[in-house]
Amino acid sequence: MNLTLLLPWFPIILAVGVGGRLLDRARGAGLGIVCAVFWIILVQALTGGNAYTEPIRIISIIAGCAAIVAMGAWSGEMGENRQASTTKSLPEKPASTPLPGTTTRTNDGNKHLEQFTGAMDQFDDWLEEHRNDLDPWPRFDEFIRGILYQICRATHVKPFRLLSEGDELTPLRESDPLVDVPRICATRGLVGEVLSTGRAFIADVTHPRVPVDQLKDTAEESMAWCFSITQGPRRIGVVTVGQLDIHPGRNEKLLKAVQQFISICWGILCEVCRSRSAGLHDPVSTLLTRESFLNIAENTLEETYRQGEPAAIAVIALEQLRQLNDSGRWEVADELVRETCQLMKQRVRADDQLGRFDGSRLVLLLRRVDNNLTSLILEQLMIKLNELTNDRSRWRAAIYARCGAVGTGNEKPSLRSMISDAVKQCQSAREQGLVLSVADSETAMMHGGAS
């Protein structure tokens, strides 16, 4: 092969060798064929068509083309083997590798979701069990403590209600009378700041509006967490937590979710109590309705009998009240009933029961009273009531309060029979022109006498 053939052949075969290493065997051979054709065309152009006149040149061209194709096939095979060995040396990799920490966060999220689901189920069961309790708030105090410990490992938990009458916070559960528990003011200190702003305080997280000297409340040696209970725009309570066994800064979202969950449960209980109170109490007098009084007073009377205590039933009639209603002065009649019942609630004890039986008659259950004490209590009450009802300048009608009462005596009469006897005593007082008529159950049944 002379220089005319060799000079273009040498760079072409080098290029095929290098290019074939990037391909497999078949593609390398194809590259060699293309380059061999290109070399033939290039030689023909350089020699002016004289390359095929001599046999030796023809043999050289054929040998050169075969060498180019062989170089392409060999280089392609070498490249194919190199790629296979490289693939075998690489470690197997899963299709999707999670980022560092993703699995931990996912597991924590599932755990918290399960905890909240369990807490919701617990509240449903708790509400079903305690919705009819006379005072469900102490039990709700225990529920809050349990939920906060389960989810947040919170201890030294103290829930408080904010009453509309004043600025003091009232514990949901009555404290031990032998332990002096300091009062918490709803307008000062850390608790006051949380209630006024609605933003929770977390000990290890900066609270933007609480001064440093207020971070320690007078009612708490230490406070890890404090959040308000809201119902719409109103603040109705606050919960303080002494210790948290989770890192507060890394669990702000969890703490906020727990706060909202407790607020929702608190609000539901408030609505249940309000709804139950609306069904138990007369809207005008705010006393127990007849059905509610019969149920509650019957249980109270049975407890009185078990303890061997005396009791009395009094029926108070507001005579001539119908004149106000018949003349269309219903608002005045309601105002008179409202003030009369408010006065009665102020004059009786907390464990006595008051109810409204109909438009003009009220009923009262007195505990731990004999006939003499019953007469004394009712005499004073009737004086105050008649001072109110006999004010003709206000009511423009002659309204009289009259009362009939029956004590249990030595017997254990039923509640309904005592109420019936008290109504008869009230009628007897009207017939005799008396304001008050009191008798024990035996006398009422035999004679209907008055004292």
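**Exercise 1. Characterise the salt bridge between Arg361 and Asp358, and state how exposed the two residues are.**

Solution. The side chains of Arg361 and Asp358 meet in a salt bridge with an N to O distance of 3.1 Å, the term standing for a side-chain nitrogen of Lys or Arg within 4 Å of a carboxyl oxygen of Asp or Glu. Arg361 has 31% relative accessibility and therefore counts as partly exposed, and Asp358, at 29%, counts as partly exposed as well; in this scheme buried means under 20% relative accessible area, exposed over 50%, and partly exposed in between, with a 1.4 Å probe and protein chains only. Salt bridges with shared partners also join Glu309, Asp351, Arg367 and Arg368 into one network.

The model is predicted, so that local features need pLDDT of at least 70 and side-chain atom pairs count only at pLDDT 80 or more, whereas totals for chains, interfaces and linings use all residues. Residues are numbered from 1 along each chain as its sequence is written, and side-chain values use heavy atoms, with hydrogens and water left out.

**Exercise 2. Compare where the partners lie in the salt bridges Glu142 to Arg139 and Asp282 to Arg356.**

Solution. In the first pair, the closest N and O atoms of Glu142 and Arg139 are 3.9 Å apart. Both residues belong to helix α5 (residues 137–152) and, because they are 3 residues apart there, they are separated by about one helical turn; helices (H or I, at least four residues) and strands (E, at least two) are DSSP runs, numbered from the N terminus. Glu142 counts as partly exposed at 40% relative accessibility, and Arg139 counts as partly exposed at 45%.

In the second pair, the closest N and O atoms of Asp282 and Arg356 are 3.1 Å apart. Asp282 lies in the loop between α7 (252–280) and α8, while Arg356 lies in strand β7, so this pair ties together parts that are 74 residues apart in sequence. Asp282 and Arg356 are both buried. The structure holds 15 salt bridges.

**Exercise 3. Work out the strand order of the sheet that contains β6, and place the helices that pack on this sheet.**

Solution. Begin with the order, which is β7-β8-β6-β9-β10 in an open sheet of 5 strands with mixed pairing; two strands pair if DSSP finds at least two bridges between them. The edge strands, each of which pairs on one side only, are β7 (353–356) and β10 (436–440). Neighbouring strands are turned by 15° against each other on average, direction ignored, where axes are lines fitted to C-alpha atoms, for helices over the stretch in contact, and angles run from 0 to 180 degrees between N-to-C directions.

Next, consider one pair inside the sheet: strands β6 (residues 311–319) and β8 (residues 361–367) run antiparallel and are joined by 7 bridges, with Ile313 standing opposite Leu365 in β8.

Finally, add the helices. Helix α8 (residues 290–306) lies across β6, β7 and β8 and runs at about 20° to β8. Helix α11 (residues 371–389) packs on the sheet and touches β6, β8, β9 (400–407) and β10, its direction making about 165° with that of β9.

**Exercise 4. Describe how α10 and α11 pack against each other.**

Solution. The axes of helix α10 (residues 330–347) and α11 come within 10 Å and cross at roughly 155°. That makes α10 roughly antiparallel to α11, because angles under 35 degrees count as roughly parallel, over 145 as roughly antiparallel, 65 to 115 as roughly perpendicular and the rest as oblique. The residues in contact (heavy atoms within 4.5 Å) include Leu336, Leu343 and Met344 of α10 and Leu381, Leu385 and Leu388 of α11.

**Exercise 5. Which strands pair with β5, and in which sense?**

Solution. Strand β1 (residues 154–162) pairs with β5 in the antiparallel sense over 7 bridges, and in this pairing Phe160 stands opposite Val238 in β5. Strand β4 (residues 225–231) also pairs with β5 in the antiparallel sense over 7 bridges, with Thr240 in β5 as the bridge partner of Cys226. The hairpin of β4 and β5 has 2 residues between the strands, and Gly232 takes a positive phi near 70° in this hairpin. Of the 11 residues of strand β5 (residues 234–244), 8 are buried, so β5 is largely enclosed by the rest of the structure.
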